[in-house]
Amino acid sequence: MTHLGSRIAVTLLFALIYTAFLVETGTLVHEFGPHGLALPMATLFAHNFLFFPVAGALALIAFWRPAVLIVDALATGQVPYGRVTLAAVAGVIGVTALAMSNAFAGSNTRSLFEVSPDAIVQDEGSASTDPAERRAAIGEVLIQLRINAAMDSGLQRFQSRCEPEWLRYGVTSQEQKLCFPTGTVTSVEACCRAKTDFRAYVNDMQANHPSLLSSVHRYVLPVKMVFLLLLLFIGILLVWLRKPLTALYGKAVQQVSFPLAAGGALVLLWPLMNAAYLSTSALLTGDGLSNAYRVTAPLFALGFGVWAMLLIFFHLRTYPSHIETALKSAGAIGAVIGVFRYEEIVNYLSRTLGVGGGLVAVVVFTVAVASLIAAVVMGVKAPEFLDPPADEKEEPGLAE
């Protein structure tokens, strides 16, 4: 039986994290809603405003009980060096989250949601007889992105490289494509210059007309980093401490395997949605320069991919060995397919839950996640087979 103090501590931490998500989303609706920009901003930045308040709810519910088991075992000293381990993990999460949020906040590219909605609505762009010199109004840019992303081919066909070497030696630098910052068809080389100008313009707008949401986001960003790192460490610690936890809490450890697998699989959406956003953002400001956010994105995708597979395999241990082997093989094959179809997956997310999505897609996503939450809350778990894993037979424990 876990201690009341452990349950209270984890509940308070998770409640504070989710409250921060709701505050940021509420600020988006409050500030941008009256101008009709709340939904366009929510879909353009779906990795911020759709994932955390929707999928984050399932993740926190699914990881609550595992977190309680881990905190209770470590904080009460029932595991050797438990308190030291708990303090070290908390310190690593706190320092890493603060460092990463500061690096992201100091990015050389400001986001459109950081600009006051009044300034966005009043922006009229810049006219020019030269298509390469024109600057489209931000409202026009958002409409063009949404319409083109919603098509079957998505936005991938408009992507291009802007590094100096590519422009100098590449054969596509003079290829004509739709350039979203100008709203016209220009050469790739001219569009790269337009992206630099668009980046500078948005940065100036944010400096002169910051939104309330930009201030809220700076406070919530470290909380989001804590949330993601916390999930990573819970999964790692649960797998690492499985035997001592099973000895202490018995079947309670295996009963959390389905919520963990469901929550882990859904959390894997975040790096994919993040990649979809970066792909869209590259069409506006991807002029060859890089920043901390773009550099770390592939590392997050790799880390969460391995982590999700780890949790799914942890859940499959509740099945008989022959079924476990078959499902693990299927999971490995699915992971390989996902790697080779990565761009198609990202393009699909851009079209549905990203900038090409709309209210219907958001509602469907929310209802689907709500169904998973209901399954977790009602206690859905893996079938209790007659032939449990051998190591569980050797490690009897008291059920919570």
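This report describes the disulfides of a predicted model and the helix in which two of the bonded cysteines lie.

The structure holds 2 disulfides, and when the bonded cysteines of the protein chain are numbered in sequence order, their pairing reads 1-4, 2-3. One disulfide joins Cys162 to Cys192, with an S to S distance of 1.9 Å. Cys162 sits in the loop between α7 (138–149) and α8 (164–169) while Cys192 belongs to helix α9, so this pair ties together parts that are 30 residues apart in sequence. The other disulfide joins Cys179 to Cys191, with an S to S distance of 2.1 Å; this pair links distant parts of the chain, with Cys179 in strand β1 (residues 176–179) and Cys191 in helix α9, 12 residues apart.

The torsion about the S-S bond is about -85 degrees for Cys162 and Cys192, and this disulfide is therefore left-handed, whereas the torsion for Cys179 and Cys191 is about 85 degrees, so that disulfide is right-handed.

The accessibility of the bonded cysteines is set out below.

| Cysteine | Relative accessible area | State |
|---|---|---|
| Cys162 | 5% | buried |
| Cys179 | 0% | buried |
| Cys191 | 8% | buried |
| Cys192 | 4% | buried |

Helix α9 (residues 188–208), which contributes Cys191 and Cys192, has 21 residues and reaches 30 Å from its first C-alpha to its last, close to the 30 Å expected at 1.5 Å a residue. Besides these two cysteines, the buried residues of α9 include Val188, Ala190, Ala194, Lys195, Phe198 and Arg199, and further along Val202, Met205 and Gln206.

Notes. Residues numbered from 1 in each chain as written. Predicted model: local features only at pLDDT ≥ 70, side-chain atom pairs only at ≥ 80, totals over all residues. Heavy atoms only, no water. Helix = DSSP H or I, 4+ residues; strand = E, 2+ residues; numbered from the N terminus. Expected span 1.5 Å × (residues − 1). Buried < 20%, exposed > 50% of the residue type's maximum accessible area, 1.4 Å probe, protein only. Disulfide = S-S within 2.5 Å.
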